[in-house]
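Biologist: Could you take me through this structure step by step, beginning with the ligand and its surroundings?

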Amino acid sequence: MKKLIGIDLGTTNSCVAVVEGGSSQIIPNNVGGRTTPSIVAFTDKNERLVGQIAKRQAITNAANTIYAVKRLIGRKYDSPEVTRARDHLPYQLVPADNGDVRIKIFDRLYSPQEISAMILQYLKKCAEEYLGTSEVDAIITTPAYFDDSQRQATKDAGEIAGLNVKRIINEPTAAALAYGLGKGKNEKIAVYDLGGGTFDISILEISDGVFEVLSTCGDSFLGGEDFDRRVSDWIVQEFLDETGIDLRNDILALQRLKEAAEKAKCELSSVTETSISLPFIAADETGPKHFDRVLTRPQLEEMVNELVEGTLEPCEKALYDAKIAIGDIDKIILVGGQTRMPKIRAMAAQFFGKPPSSDINPDEVVALGAALQGGVLQGDVKDIVLLDVIPLSLGVETHGGLFTKVIDRNSTIPLKKTLAFTTVADNQTTVEVHVCQGERELAEHNRSLARFELIGILPAPRGIPQIDVTFEVDSNGILHVSARDQKSGKAQEIKVTPSSGLSPQEIQRMKQEAQLFYEKDKEVKEKRMSLNRLDGLLKNVQRSFAEYGYLLPPEKTNDVKESIANSLKIMRLVDVPLDDIDQAYLDLERKSMLITAAMMENPTVSSQMGDTQTQMEQLLADAMDEHEDTE
Ligand code: AMP
């Protein structure tokens, strides 16, 4: 049976888990990390880096290092969120022809889905290696506030990465699942999620296995990075006061500050004071300057107080929208790395009047819950029935630009509902179906998801034709809409493509490209392994030739020398076919047997180490000369 993994595709970090032996476990990435930075970078050598390795070079390659792509996925270039993001991001955003966002790297434009797919593809590869199978399907989580386009775009990203996405589920629902909530009990819970870039608060009600998101609120530009910035600003000011040097003008120094600030912030979650040391951070005519200071937890708390307080208003709003009092909340779950800060925990306890649950790592809780949902789907996890809900109402634009709801928000999915509509003019043979999502009365104030035309309605006076419009939301929360003229009886097949998603052709193309990159990576890996193997053998043969080569007759000496020279040449070439490496290995292996045979024939001789270094350098020089001649 295929393995079903749970993926928390986060703004800052992503995490993967799987159910094994009935319980959910984290799958580490290929460098041993339990979470992976959601970062993709492109280098000028046409290399693509994902995760920790991409994060490490972000300082020196900021314009080609993409982070926080989750803020862009499924959104329009002109949307308020993207407009705000444009001012903060070091990489370039441009509008696509259809109004979507594209990211410009060197001369190529990438959709946010493609970038997310690169992260997913990396996670998929790590999971496949860890599980020892390439038969992997996935469940991916999205924030509760994501609309249909954002969910669809996330699903498309999965498909581009070559993943079969079985479900898209809400992050707070996944977090609640990881805590085993809802097992036979009816509970109201608050999920307080403060990550690197965003803050979300969701109020959920769990009754009889139905996880219902009652309300969700937050600030998509408040997160751990803002905390880091407060610390960096403090360092800059202290340094300026002491030396008169303003570090804000030095990009490299700023990036070092940013890293030191985040490190100090994280350390202060477990100790009460820490030192920040930045040697050689600047220099003037009097010589190099260093920054060395102690930062205490109370100092940090003072610096970020405003940010911590900033999360309270959305909490109040979410409770108000959910129409429940603070005292009715049974549990508070903390999600996101920044909630490790003791002040956040204390504030949450004070606000909700009870301590938050804290036995599961806040970085891992969403992925663990997503994997559990996989376990439920595969029948490995019993006792839970997970029914999710749609976060916003779905409907169509009707006469006068009004929004007519077909499915109300918070309806349990999967579901299907049909409403009958009619024409507004006599003998009207065409109607336009404009599908929207939101809670506002006018269609123009809601999110436009798709438009299509139903052609071929039988001519009749206005108000007579009956057109059935069917909305079907699948278990991923993704919408399919169809329309049918009752009179003619002929159903028209209409396919709805979410307006900010990619077309199936685009997805197909990106999928092929992603696969191509995967193949390329595989080839590079195979080549490296073959080169390593050749290198190991070469070192051995060089050594035994230097010691015992004198035992060989002249023609065999030349054979061995040629083989060594050829292998040395292969090791030095930049791009060499895999077959050539393997061929060189086989040849060298055969030639090494000549030396072994000579040694066996002369068991009493000892080694004669000459000036082996010089000999080998000469061999290499000869080999390279020969190579240049043949080019
Ligand atoms: P997430 O998006 O959930 O991965 O959260 C990432 C944010 O959590 C980053 O801003 C980190 O600096 C922050 N973070 C991680 N560990 C800690 C910690 N021990 N104390 C405070 N913040 C942390």
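Modeller: The questions below concern a predicted model, taking the ligand and then a pair of helices.

Biologist: How many residues surround the ligand?

Modeller: A residue belongs to this shell if one of its heavy atoms lies within 4 Å of the ligand. By class, the shell has one nonpolar, nine polar and three charged residues, and the closest include Asn13, Glu262 and Lys265. The number of residues surrounding the ligand is 13.

Biologist: Which helix gives the most to the shell around the ligand?

Modeller: The helix in question covers residues 251-267 and contributes three residues to the shell. The helix that gives the most is H7.

Biologist: How far from an oxygen atom of the ligand does a polar side-chain atom of glutamate 262 lie?

Modeller: For asparagine 13, a polar side-chain atom lies 2.7 Å from an oxygen atom of the ligand, and for lysine 265 the corresponding value is 2.8 Å. For glutamate 262, the distance from a polar side-chain atom to a ligand oxygen atom is 2.6 Å.

Biologist: What share of the area that the ligand exposes when taken alone does the protein bury?

Modeller: Taken alone, the ligand exposes 500 Å². Of that area, the protein buries 86%.

Biologist: At what angle do helix H9 and helix H10 pack?

Modeller: Leu312, Cys315, Glu316 and Leu319 in H9 meet Met347, Phe351 and Phe352 in H10, and these contact residues divide into six nonpolar, no polar and one charged. H9 passes H10 in a right-handed crossing. The axes of the two helices are 12 Å apart, and the packing angle is about 35°.

Terms used
Residues numbered from 1 in each chain as written. Predicted model: local features only at pLDDT ≥ 70, side-chain atom pairs only at ≥ 80, totals over all residues. Heavy atoms only, no water. Axes fitted to C-alpha atoms, helices over the stretch in contact; angles between N-to-C directions. Helix = DSSP H or I, 4+ residues; strand = E, 2+ residues; numbered from the N terminus. Left-handed = near helix turned anticlockwise from the far one by under 90°. Contact = heavy atoms within 4.5 Å. Nonpolar A, V, L, I, M, F, W, Y, C, P; charged D, E, K, R; others polar. Polar contact = N/O pair within 3.5 Å; in protein donor to acceptor, adjacent residues only side chain to side chain. Areas by Shrake-Rupley, 256 points an atom, 1.4 Å probe, with all protein chains shown as cover.
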